[in-house]
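Me: I'm new to this one, so I'd like to ask how each label was earned. Can we go through it together?

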Amino acid sequence: MMSGSSTALVTRMSSEQRVALQPAYLLHRTPFRDSSLLLELFTPGHGRIGLVARGARGARSKLKGVLQPYQLLLISWSGRGELPTLTGAECQDGGVFLQGDALISGFYLNELLLRLLARHDPHPHLFHRYQVALQGLIANAGVEWALRLFERDLLQELGYGLLLTHEGGDGKEVEADALYCYHHESGPQRIATESRGVLSVRGATLLALARGECGDAQLRRESKLLMREVLGRYLGPRPLASRELFRQKWPSSHEE
Amino acid sequence: MSTPLINRLVEALRCLPGVGPKSAQRMAYHLLERNRGGALHLAAALSEAMERVGHCRRCRTLSESELCPICSSERRDATTLCIVESPTDVEALESSTGYQGRYFVLMGHLSPLDGIGPDDIGLDRLARLLDEGNIAEVILATNPTVEGEATAHYISDMVHRRGVKVTRIAHGVPLGGELEYVDGGTLSHAFHGRREV
């Protein structure tokens, strides 16, 4: 699935770039001119890219069913500049549908990638983690935890990885039954009691995130708050639209 | 040869879908040279429609009266409500399905990444309509895109909470089509949605 040979497929003719049959997921699409689409795609070898799909909204376009989020595509494109043209797209895994709440969770994954990844910055490992997270959403089991692990991996890939197994500063191992507060720069720091206005998490939560093992409801809740705080730092003040949709759908619940 | 007024007309015609600079110019000259009567008629129809066509108070579709003809008709079944994305979808269903209930037109779909949320597609008004309590079935006829599915799912939750029956239109192979030429996604949807005969 990874594109080990993608460099071989890229032939540079003057400044025009041609890329053939790259695996990709569609993150977002917007109508463009009369019958075209602007696409934001996530590929392993080229990172997040923007493409124009000419005529893709036309009545006879065969791409309409293909250019949908959450399904693995093989895409080809050519052109120069910031917005090359899509020259071909086919679906790799027909019959995989996100349904129900998982659709909205999928919007959340895509929004994170759109907001946090720079264009043309390859992240092959993150591509794989995105696939794993989508599998979790498709199976519709442990959706919330799949989102947490993706957030953890996303931060790791961006170079903001969380310190989860050792305390910041003195490097002591995190103990499951101790209480910690998480500092952005230095990592977890042991505290004696919870205090207002400071996000505190149990050592067990940090260790569960490190190992990727899911646990009880309190653990999931703490992980969510921790991730929300850390991600918020990199997302900036503009709220996530997909999180807003969750909030409107379940005004009182802790889903995400 | 073009004057400021002709230029303005050409520019104005370009707001039509599918009309680029060249076709706009052709239209402008055609109207000026050969069909001034038709052009004046078009101008009058345009300005009257833009001024007088608004939205139906009940179903949000385009209408020039407070209630659209479907909502105000005595013969339509007021207990079924079909939810569609646009007024053209209403036209399509009206001309081919023989559906006798009423509609609710969202004028779009949920698309969080474009900043379109539930209130932007009138779901607050839909909730009030459901709360009035005389609807027995809601038919979700949003488009089979990811956004359309998300919209259908969001609405189905709203409807379920009120204990009303909700159905989704089927997706499948086009009539007269051959399986060989149907795209994988559609075929797989059709396959998963198979029914007993």
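Me: What makes a side chain in chain B positive or negative, and how many of each are there?
Reply: Lys and Arg count as positive, Asp and Glu as negative. On that basis chain B carries 21 positive and 26 negative side chains, with the centres of the two sets 5 Å apart. Keep in mind that this is a predicted model.

Me: And how many are there in chain A?
Reply: Chain A has 30 positive and 27 negative side chains, and there the centres of the two sets lie 9 Å apart.

Me: What is chain B built from, in helices and strands?
Reply: Chain B has 8 helices and 6 strands. Going along the sequence, they come in the order α-α-α-β-β-α-β-α-β-α-β-α-β-α.

Me: Why is chain B called more spread out than a compact globule?
Reply: Set the value against the rule: for 197 residues the globule rule gives 16 Å, and the radius of gyration of chain B is 22 Å, well over that, so the chain is more spread out than a compact globule. As for its extent, the C-alpha atoms of chain B fill a box of roughly 65 × 45 × 35 Å along the principal axes.

Me: What about chain A, what are its elements and its span?
Reply: Chain A comes to 7 helices and 9 strands. Its C-alpha trace spans about 65 × 40 × 30 Å along the principal axes.

Me: What share of each chain counts as buried?
Reply: In chain B, 37% of the 197 residues count as buried. In chain A, buried residues make up 50% of the 256 residues. As for surface, chain B exposes about 12200 Å², with carbon and sulfur atoms supplying 55% of it. Chain A has an accessible surface of about 12100 Å², and 49% of that belongs to carbon and sulfur atoms.

Me: How do you know that chain B and chain A touch, and which residues of chain B lose the most area?
Reply: The contact takes 24 residues from chain B and 25 residues from chain A, where contact means heavy atoms within 4.5 Å. The two chains bury about 2000 Å² between them, 67% of it on carbon and sulfur atoms. On the chain B side, P112(B), L113(B) and V146(B) lose the most area, together 32% of what that side buries.

Me: Let's zoom in. Why is T61(B) called buried?
Reply: The cut-off for buried is under 20% relative accessible area. T61(B) has 10% relative accessibility, so T61(B) counts as buried. It sits in the loop between β1 (54–55) and β2 (62–63) of chain B. Beyond its sequence neighbours up to four places away, T61(B) touches G54(B), H55(B), C56(B), C68(B), P87(B), V105(B) and M107(B).

Me: What makes R60(B) stand out in that loop between β1 and β2?
Reply: Most residues other than glycine have a negative phi. R60(B) is not a glycine, yet its phi is positive, about 70°. R60(B) is also buried, since its relative accessible area is 14%.

Me: And Y70(A), what is its phi, and is it buried or exposed?
Reply: Y70(A) is not a glycine either, and its phi is positive at about 70°. With a relative accessible area of 4%, Y70(A) is buried. Its place is the loop between β4 (47–53) and β5 (73–79) of chain A.

Me: Why is S35(A) called partly exposed?
Reply: Partly exposed is what falls between buried, under 20%, and exposed, over 50%. S35(A) has a relative accessible area of 28%, so the label fits. S35(A) lies in the loop between β2 (16–32) and β3 (36–43) of chain A. Its C-alpha is separated by 4.6 Å from that of R57(A), 22 residues apart along the chain. R57(A) is also one of the residues that S35(A) touches, along with G55(A), A56(A) and G58(A).

Me: Last one: how do you know that W145(A) is buried?
Reply: Its relative accessible area is 8%, so W145(A) is buried, the cut-off being under 20%. W145(A) belongs to helix α4 (residues 143–158) of chain A. Leaving aside neighbours within four places in sequence, its contacts include A208(A), L209(A), G212(A) and S223(A). The C-alpha atoms of W145(A) and G215(A) are separated by 9.1 Å, with the two residues 70 apart along the chain.

Key. Residues numbered from 1 in each chain as written. Chains lettered and ligands numbered in written order. Predicted model: local features only at pLDDT ≥ 70, side-chain atom pairs only at ≥ 80, totals over all residues. Heavy atoms only, no water. Helix = DSSP H or I, 4+ residues; strand = E, 2+ residues; numbered from the N terminus. Rg over C-alpha atoms; globule rule 2.2 N^0.38 Å. Buried < 20%, exposed > 50% of the residue type's maximum accessible area, 1.4 Å probe, protein only. Areas by Shrake-Rupley, 256 points an atom, 1.4 Å probe, with all protein chains shown as cover. Charge placed at Lys NZ, Arg CZ, Asp CG, Glu CD. Buried area = accessible area lost by both parts, 1.4 Å probe.
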